[in-house]
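Work through the following exercises with the sequence and the coordinates at hand. Each task is followed by a solution that goes step by step.

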Amino acid sequence: MKLLKPTWVNHNGKPIFSVDIHPDGTKFATGGQGQDSGKVVIWNMSPVLQEDDEKDENIPKMLCQMDNHLACVNCVRWSNSGMYLASGGDDKLIMVWKRATYIGPSTVFGSSGKLANVEQWRCVSILRSHSGDVMDVAWSPHDAWLASCSVDNTVVIWNAVKFPEILATLRGHSGLVKGLTWDPVGKYIASQADDRSLKVWRTLDWQLETSITKPFDECGGTTHVLRLSWSPDGHYLVSAHAMNNSGPTAQIIEREGWKTNMDFVGHRKAVTVVKFNPKIFKKKQKNGSSAKPSCPYCCCAVGSKDRSLSVWLTCLKRPLVVIHELFDKSIMDISWTLNGLGILVCSMDGSVAFLDFSQDELGDPLSEEEKSRIHQSTYGKSLAIMTEAQLSTAVIENPEMLKYQRRQQQQQLDQKSATARETGSAASVTSVVNGESLEDIRKNLLKKQVETRTADGRRRITPLCIAQLDTGDFSTAFFNSIPLSGSLAGTMLSSHSSPQLLPLDSSTPNSFGASKPSIEPMAAAGARPAGDSVSKDSVNATSTPAASSPSVLTTPSKIEPMKAFDSRFTERSKATPAAPALASVAPTAVERLKEQNLVKELRPRDLLESSSDSDEKVPVAKPSSLSKRKLELEVETVEKKKKGRPRKDSRLMPVSLSVQSPAALTAEKDAMCLSVPTPALKLPMPGPQRAFTLQVSSDPSMYIEVENEVTAVGGVKLSRLKCNREGKEWETVLTSRILTAAGSCDVVCVACEKRMLSVFSSCGRRLLPPILLPSPISTLHCTGFYVMALTAAATLSVWDVHRQVVVVKEESLHSILAGSDMTVSQILLTQHGIPVMNLSDGKAYCFNPSLSTWNLVSDKQDSLAQCADFRSSLPPQEAMLCSGPLAIVQGRASTSGRQAARLFSVPHVVQQETTLAYLESQVAAALTLQSSHEYRHWLLLYTRYLVNEGPAEEGTAEGVAASHWAEPPLPAPLHRVSGTA
Amino acid sequence: MAKVQVNNVVVLDNPSPFYNPFQFEITFECIEDLSEDLEWKIIYVGSAESEEYDQVLDSVLVGPVPAGRHMFVFQADAPNPGLIPDADAVGVTVVLITCTYRGQEFIRVGYYVNNEYTETELRENPPVKPDFSKLQRNILASNPRVTRFHINWEDNTEKLEDAESSNPNLQSLLATDALPSASKGWSTSENSLNVMLESHMDCM
């Protein structure tokens, strides 16, 4: 036996609570305390095994470290397949890690490059259920389940095929559960807790099989962990800390009847961890000796708080080896290599020990086949004991196996589709990269990235997604392979800056950091004589070669006193945690004024000083702000214009909605800005974009993602349409580029190049073959099952795709856009499929399908609206609470109109007449818009007004009664109103 | 655990004249979809002596952030020279990029910044009143100081979205030649600037 303590395996002196060797034996994981978090580290095994590798600088020792756990990591366990690593910690979480298979090491940003991660392990699932520290985790045989136990007294069984699904929560322990082990045959799971019991649970129904308490009666609950273990042949379960005659033992529990007749005795303090060797051994057949076949036996390592380790063979009465004083503190975890000859032990003292046995010492390990034959002869054919190859061909003997085979088939299917997806997404990334190199993307990122304004006027950037996480595999290795140092900045710069700046960028980084700090004060540096050529423009000045020499010498002097800044780097600023000061607008008005003055004072001077930038700097002055944003997206400008329209901001929700919704929507709107020349109407068309997202509704949350030219199949580029509705996703591909998209809760439609319009149901079914539009699309719109298409030739069509009928057929907008410089400012499709156009002159028209006419439903300049005053008839509570298409179209106009009316002195009779006329038109408009709610509202108002104001002619009231009361579905309250009239 | 890891920050347009906007290309990774936006801020430390002179150059919301690796360029105007003490105009100071989630700062990336005159004459005899237009800003991009803070990432306090904000049926169309509305648009940007100024006024 060889013993080794690799000192380089450490958590910087912090305790290591868990260790586990990867099934392929090439690496191992440790878990424990990090700097101010939990820490999981994956180490290379070969430097442990080979001294040469340990010395070889080129062989990495640490492969990856993950600081993601918020608190100490108590357990790390590799899945049997080696694909996943599960870690559980004091932060109540279990994280499941998977290796991301892209090439190239990455560094932890800001960690000065020393902590390079050779391998990339990413958290693919976070399992949350425990309400207390997670103490132990264990993968079931064949990785079907993952069990975790916690100080919340429970054991949780997770569906390892479908994280984070919980299959069962095992309740029954009355103390902190500190250890778990699966029966190698998969029938049981055992847990040991501080409640002085060891419980065995059936995997069939997740109920308690037995609870063993006797050997633990004398136990005090002071061990940090109680990692018990099941023997690989399944015969024995060995507990951690048990007591026998007031001596600490590891209790052996026989599977047959859960008898507790034997124990491992000898440790002076509580046993913290027991770990069986995964192999079953048989005695080495010595040449010449009698060929008496010895009984196969198992090997078990026991670690204790007494800092010693013992290794036992079940065929021997005494331990094979005991190593005392292996560590300074308690042993916390043990892991065997898969070949059964090596063992890693970790301790609270933060160190790890490796023991290497020879076959002579342990015996001949049985092959997997032999092992499974033992299992089968003992337990019959069963799920866990069969190898993968056997299982697919095995005769099914129990429902478990049937289930397993089905699951396997399902998994294969899943994997296929997953790989299909992965290749798909990989293609999408690479296509982005191929179509435009990443460098190009980055060069134009500022211009390309979508920036919007939120309702409160703040900038909001939609980040460019350069890799998706869900596949676990990043196809883009770009950033990982890029060092963080100035060289990157240099390359970036060279691509960005003009050639004349180039010399600068080689000189200045040096000037800043490279040289040693000198005591030379700033002033002296300034006084230093230098033979530089002096040029006036700052940019030119720096580009001259002379600039380099003095700056190299002067700058370092200033680095030393930078200690003053240290706290700034590490302390949260007072301003940051608080929400931005949005609330305090009024009191700061004075300050703002001051600010403006200040700025004004500064401006002339700046300008005098001939820097072209100075103008851009002035934050508040109006003209400058125009130039300042010059570089930014036009989209943003459009966005601002829209925000600037006072009328719609607060009244019309869609405006604020569109602000939330990502980029493309605004871009789309950009395209919708209609400027219409009189003779030939030509509406702007949306240009093709690479990708855009459109939020259809927020409740239920539904959005559409469009990606153009995603994959090329035989030279044909495909576009992808993806729709996500409350987490449920569907996607489809189209052959031509998608120009614009729209959706409602019932349908999703996209308009493509070649005038094609495709309509899908909300669950992704294609409702119609593509519709060929008469001319290219300008605006697309959906409400319910109604789809509205406004073409570039200013024709409007509305279809009911559910009933498959046309509502509006290629109706020209000529009649309403006849004016010289009129534009469509808003467009609306009501629930009943009636299109409404809001024009820039304040008029709004709806198209009445039954009459085939454009009807004026709102006019901002309408003098009737200005003069109408029916406030007296408004019911006290519901003052203008009515909402609907009419309210949307008319906005706040009616309110302001009333206010205006109160200001003007109008003869009473005239006022009455105008009010009545206004109310009449409102009632009619609501009726035409088929907005029943609004119709009722206005009719009610009208009736009240008639009653209250009592107009002279009786005829009107009768007319109202005759025409309106006779309308078929009258709401009940109206009858009451008419009764009082 | 931290749902967002900053992978890299590239300082663009560096070195550059004092009045050039700051540009940082930020790459970050998010392991789970975030329900709220990230808020990024650039804070310019006007003087080493006191936080009083810190200026929030800009604050920007970044979202939506689905799981994945993302990048964006954060551009912010140069600091207002009027708020920098004359004595601190030339020399080394610090610019900080902070990111907050739900109002909690979880990362702070700091860079040393050196402002100096490019003209020898000015360097030798710096004017009493600093001439910012002649200053060159050089960010020590190779040595970021990164501090991470633990925050609560969970959606424990789910707040309901305003229910009335769901009328997807209306899209507004804009007039291309609508100059008045354009100017209104700019006034919005002014407001946001004011907000920004106020927030650093708060620091003072």
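## Exercise 1: The make-up of chain B

Chain B has two helices and eleven strands, in what is a predicted model. Establish in what pattern the helices and strands of chain B follow one another along the sequence, and what percentage of its residues count as buried.

Solution. Reading along the sequence, one obtains β-β-β-β-β-β-β-β-α-β-β-β-α for chain B. Turning next to burial, 71% of the 204 residues of chain B count as buried. For the contacts in chain B with a separation of 6 or more, residues 24 or more positions apart account for 68%. Finally, the accessible surface of chain B comes to about 6,300 Å², and 49% of this area belongs to carbon and sulfur atoms.

## Exercise 2: The nonpolar cores

Determine which residues have the most contacts inside the largest nonpolar core, and which strand gives the largest share of this core.

Solution. The largest nonpolar core has 44 residues, and those with the most contacts inside it are B:F24, B:F28, B:L38 and B:W40. Among the elements of chain B that give two or more residues to this core are strand 1 (4-12), strand 3 (22-30), strand 4 (38-45) and strand 8 (104-117). Strand 8 of chain B supplies the largest share, six residues. Taking B:W40 as a worked case, and leaving aside residues up to four places away in sequence, one finds that B:W40 touches residues including B:V6, B:I26, B:F28, B:F72, B:F74, B:I97 and B:C99. Another core, of 35 residues, lies apart from the largest one, and A:V19, A:L180, A:W182 and A:V352 are among its residues.

## Exercise 3: Cysteines

Find how many disulfides there are over all chains, and decide whether B:C99 is buried or exposed.

Solution. Counting pairs of cysteine sulfur atoms within 2.5 Å, one arrives at zero disulfides over all chains. The cut-off for a buried residue is under 20% relative accessible area. B:C99 counts as buried because its relative accessibility is 0%, and A:C782, with a relative accessible area of 2%, is likewise buried.

## Exercise 4: Chain A and its annotated repeats

Describe chain A in the terms used for chain B, and state where UniProt places the feature "repeat: WD".

Solution. Chain A has 29 helices and 48 strands, and buried residues make up 53% of its 981 residues. Residues 24 or more positions apart account for 52% of the contacts in chain A with a separation of 6 or more. The exposed area of chain A is about 42,300 Å², with 55% supplied by carbon and sulfur atoms. The unreviewed UniProt entry places "repeat: WD" at residues 66-98, 127-159 and 170-201 of chain A. In the model, the span 66-98 of chain A is 0% helix and 58% strand, with its end C-alpha atoms 12 Å apart, whereas the span 170-201 is 0% helix and 56% strand, with its end C-alpha atoms 8 Å apart.

## Exercise 5: Two helices of chain A

Compare the span of helix 27 (residues 932-949) of chain A with what should be expected at 1.5 Å a residue, and do likewise for helix 26 (residues 908-928).

Solution. Helix 27 of chain A has 18 residues and should therefore span 26 Å, which agrees with the 25 Å between its end C-alpha atoms. Its buried residues include A:Y935, A:W938, A:L939 and A:Y942. Helix 26 of chain A, with 21 residues, reaches 30 Å from its first C-alpha to its last, close to the 30 Å expected. Among the buried residues of helix 26 are A:L916, A:L919, A:V923 and A:A926. Just after helix 26 of chain A, A:Q930 takes a positive phi of about 55°.

Methods:
Residues are numbered from 1 along each chain as its sequence is written. Chains are lettered from A and ligands numbered from 1 in the order in which they are written. This is a predicted model: local features need pLDDT of at least 70, side-chain atom pairs count only at pLDDT 80 or more; totals for chains, interfaces and linings use all residues. Side-chain values use heavy atoms; hydrogens and water are left out. A nonpolar core is a set of buried Ala, Val, Leu, Ile, Met, Phe, Trp, Tyr and Cys residues joined through side-chain atoms within 4.5 Å. Buried means under 20% relative accessible area, exposed over 50%, partly exposed in between (1.4 Å probe, protein chains only). Helices (H or I, at least four residues) and strands (E, at least two) are DSSP runs, numbered from the N terminus. Contact means heavy atoms within 4.5 Å. UniProt positions are given in the numbering used here, feature names are shortened, and annotations may be inferred rather than shown by experiment. Accessible areas come from the Shrake-Rupley method with a 1.4 Å probe; for residues, only the protein chains shown count as cover. The expected span of a helix is 1.5 Å times one less than its number of residues.
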